[in-house]
Amino acid sequence: MEKKRHALRKLLEAVEGELLRKPNRKTLDRLSLLAGFQDWDSFQDALHGESDEAVYGGHEKENKS
């Protein structure tokens, strides 16, 4: 029984390690594409308000005069 307990504990530690690990850049770029951005950097810029994409979705603001 102790061997099964030890094996289960090691398995849970491995799974937790994978869940807490940051995804690689390729994965982040693909997720950003699904959200409508060119890559992870442009998504981060929009998310943190460093560009107009956060407000205008990457399109120029139209003048409504």
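Student: What comes right after α2, and is its phi positive or negative?
Tutor: Gly36 follows α2, and its phi is positive, near 95 degrees. Keep in mind that this is a predicted model.

Student: OK, and the other end of α2? What does the side chain of Asn24 reach there?
Tutor: Helix α2 covers residues 25-34, and at its start a side-chain oxygen of Asn24 comes within 3.2 Å of the backbone nitrogen of Lys26.

Student: Zooming out, how many helices and strands are there?
Tutor: The chain has four helices and zero strands. Along the sequence, that reads α-α-α-α.

Student: Back to α2 for a sec. Is Ser32 buried or exposed?
Tutor: Ser32, which sits in helix α2, is buried, because its relative accessibility is 2% and the cut-off for buried is under 20%.

Student: Which residues does Ser32 touch, skipping those within four places in sequence?
Tutor: With those neighbours left out, Ser32 is in contact with Phe37, Asp39, Trp40 and Phe43.

Student: Where's Trp40, then?
Tutor: Trp40 is in helix α3, residues 40-47. Ignoring neighbours within four places in sequence, Trp40 has contacts with Arg25, Leu28, Asp29 and Ser32.

Student: And what separates the C-alpha atoms of Trp40 and Thr27?
Tutor: Those C-alpha atoms are 9.1 Å apart, while the two residues lie 13 residues apart along the chain.

Student: New topic: what share of the chain's residues is buried?
Tutor: Buried residues are 9% of the 65 in the chain.

Student: And how much area does the chain expose?
Tutor: About 6,300 Å², with carbon and sulfur atoms supplying 53% of that.

Terms used
Residues are numbered from 1 along each chain as its sequence is written. This is a predicted model: local features need pLDDT of at least 70, side-chain atom pairs count only at pLDDT 80 or more; totals for chains, interfaces and linings use all residues. Side-chain values use heavy atoms; hydrogens and water are left out. A polar contact is a pair of N or O atoms within 3.5 Å; within protein, one must be able to donate a hydrogen and the other to accept it, and residues adjacent in sequence count only if both atoms are side-chain atoms. Helices (H or I, at least four residues) and strands (E, at least two) are DSSP runs, numbered from the N terminus. Buried means under 20% relative accessible area, exposed over 50%, partly exposed in between (1.4 Å probe, protein chains only). Accessible areas come from the Shrake-Rupley method with a 1.4 Å probe; for residues, only the protein chains shown count as cover. Contact means heavy atoms within 4.5 Å.
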